[in-house]
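Reader: Please take one part of this structure and look at it closely, and put the cut-off beside each term, since I would like to be able to recompute what you say.

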Amino acid sequence: MDIAKLPKISLHDHLDGGLRPQTIIELAAEVGHQLPKDNALDLADWFSVNANSGSLVQYLETFDHTVAVMQTREGLERVAYEAVIDLAAEGVIYAELRWAPEQHLTRGLSLDETVEAVQDGLERGMAEVADQGGFIRTGQLVTAMRHADRGLEIAELAVRHRNEGVVGFDIAGAEKGFLPSRHKVAFDYLASELFPVTVHAGEADGIESIKDAIVSGRALRLGHGVRLVEDIMFSRTEGDTDLVVLGPVAQWVHDRGIALETSPSSNLQTGAFAELGDTMADHPFDILYDLGFKVTVNTDNRLMSGTNLTKELEILVDTFGYSIADLEQFQLNAAEAAFQGLPEREELMEMIEIGFQEAMGAS
Ligand SMILES: [Zn+2]
């Protein structure tokens, strides 16, 4: 099956993790930022080697360079524009792009100006795709850094731009030691504004973090959430029946249909399921899908993981033998969980159903 041609939805994609290597080189030259490599091929290699090193320090260092070239209106606009073009080119019809405005202020932009610059880029991208007869819709997720203390300010920024492209709020950065409750004031404010929230949880920390994302954060989705599997008890009986018991957090996430924004390659690289093993086959994705959790497939950081949504789906097909109907279910899950109004989500679901039907008819 040609996965690139299928209509897809991307809910978890960091804007500062998806730059084109050549763009980094050009923007770095413009702002005088020193890069570790000076041509696009070597630089792409450098990103993937450091992201794959198993060292969190090296992994995070890769973002120093992408964030450094996204400090001007032009840089932010261009990166956002190119993200839309690249996503549309591989069949993404709806994407939520997340990023942390507070990290883009070193050259004098205000928080509001950064959000506007990104929105300009997204709109230029969407218009160009439409001009060429394609379709893509996008939304910004405004992220606050969980170790910093600007949660409320960033939440207010997100709400201020809710009618200008910002569709949700997220917290990112070091999960362990930085529970969502640290930003309780921000989350209380967002709840009072009825503003959608997703929280990185269950990636670098366990059940307590996931529970707090739901309780303190009122998260409608979980960024990765793969360690939810730690709240599921499996006992294999002598015969062939597996007894599965969901703990209270897993049960809640399951029964409420809270979507999990899993990102297979990234989850493997960051060791999110290291307790289970160190190959893709050890990813709990298949167990969670099988148990009826609302799993979605995402890229997290396309540049660092050298991936895109098509590749992530191919990896899952290769690893777990999924059919085209399974891939359709993942997209429908994502459409349902998108931070859009019900009519827009229904429209996306219809586009997915039509696109997959056509693909199945053709094969
Ligand atoms: Zn992420």
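Author: Val229 counts as buried because it has 22 C-beta neighbours inside 10 Å, where buried requires 20 or more other C-beta atoms within 10 Å, exposed 12 or fewer, and partly exposed a count in between, with C-beta atoms placed from the backbone. The model is predicted, so local features are described where pLDDT is at least 70 and side-chain atom pairs where it is 80 or more, whereas totals for chains, interfaces and linings use all residues. Residues are numbered from 1 along each chain as its sequence is written.

Val229 sits in the loop that joins strand 6 (221–224) to strand 7 (232–236), helices and strands being DSSP runs (H or I over at least four residues, E over at least two) numbered from the N terminus. Once residues up to four places away in sequence are set aside, Val229 touches Pro284, Ile287 and Leu288, a contact being two C-beta atoms, placed from the backbone, within 7 Å. Gly247, 18 residues away along the chain, has its C-alpha atom 9.5 Å from that of Val229.

The part that I would examine at length is helix 4, together with what packs on it. Helix 4 covers residues 73–89, and its 17 residues should span 24 Å at 1.5 Å a residue, which agrees with the 24 Å between its end C-alpha atoms; the expected span is 1.5 Å times one less than the number of residues. After helix 4 comes Gly91, with a positive phi near 90°.

The buried residues of helix 4 are Gly75, Leu76, Glu77, Arg78, Val79, Ala80, Tyr81, Ala83, Val84, Leu87 and Ala88. Their packing partners are strand 1 (8–14), helix 1 (21–31), strand 2 (92–99), helix 5 (111–131) and strand 3 (137–145). The largest nonpolar core (buried Ala, Val, Leu, Ile, Met, Phe, Trp, Tyr and Cys residues joined through C-beta atoms within 7 Å) has 96 residues, and those with the most contacts inside it are Ile9, Ala80, Val84, Val92, Ile136 and Ala338. Helix 4 supplies the largest share of this core, 8 residues.

Ala80 can be followed outwards from there: apart from neighbours within four places in sequence, Ala80 is in contact with Leu15, Leu97, Val118, Gly121, Leu122 and Gly125.

How do the axes of helix 4 and helix 5 cross? They come within 7 Å of each other at roughly 35°, the axes being lines fitted to C-alpha atoms over the stretch in contact, and the angle running from 0 to 180 degrees between N-to-C directions. The crossing is right-handed, that is, the near helix is turned clockwise from the far one by less than a right angle, whereas an anticlockwise turn would be left-handed. On the side of helix 4 the contact includes Arg73, Tyr81, Val84, Ile85 and Ala88, and on the side of helix 5 it includes Glu113, Thr114, Ala117, Met126 and Val129. The residues of this contact divide into 12 nonpolar, 3 polar and 7 charged, where Ala, Val, Leu, Ile, Met, Phe, Trp, Tyr, Cys and Pro count as nonpolar, Asp, Glu, Lys and Arg as charged, and the others, Gly among them, as polar.

Beyond helix 5, the loop that leads to strand 3 holds Ile136, which is buried because 21 other C-beta atoms lie within 10 Å. Leaving out neighbours within four places in sequence, Ile136 is in contact with Val84, Leu87, Ala88, Val92, Ile93, Ala95, Met126 and Val129. Glu74, by contrast, is 62 residues from Ile136 along the chain, with 22 Å between the two C-alpha atoms.

Two further loop residues deserve a check of their backbone. Asp300, in the loop between strand 10 (295–297) and helix 12 (309–320), has a phi near 65°, a positive value in a residue other than glycine, and it is buried, with 27 other C-beta atoms within 10 Å. Arg218 lies in the loop between helix 8 (207–215) and strand 6, its phi is near 50°, also positive in a residue other than glycine, and it counts as partly exposed with 16 C-beta neighbours inside 10 Å.
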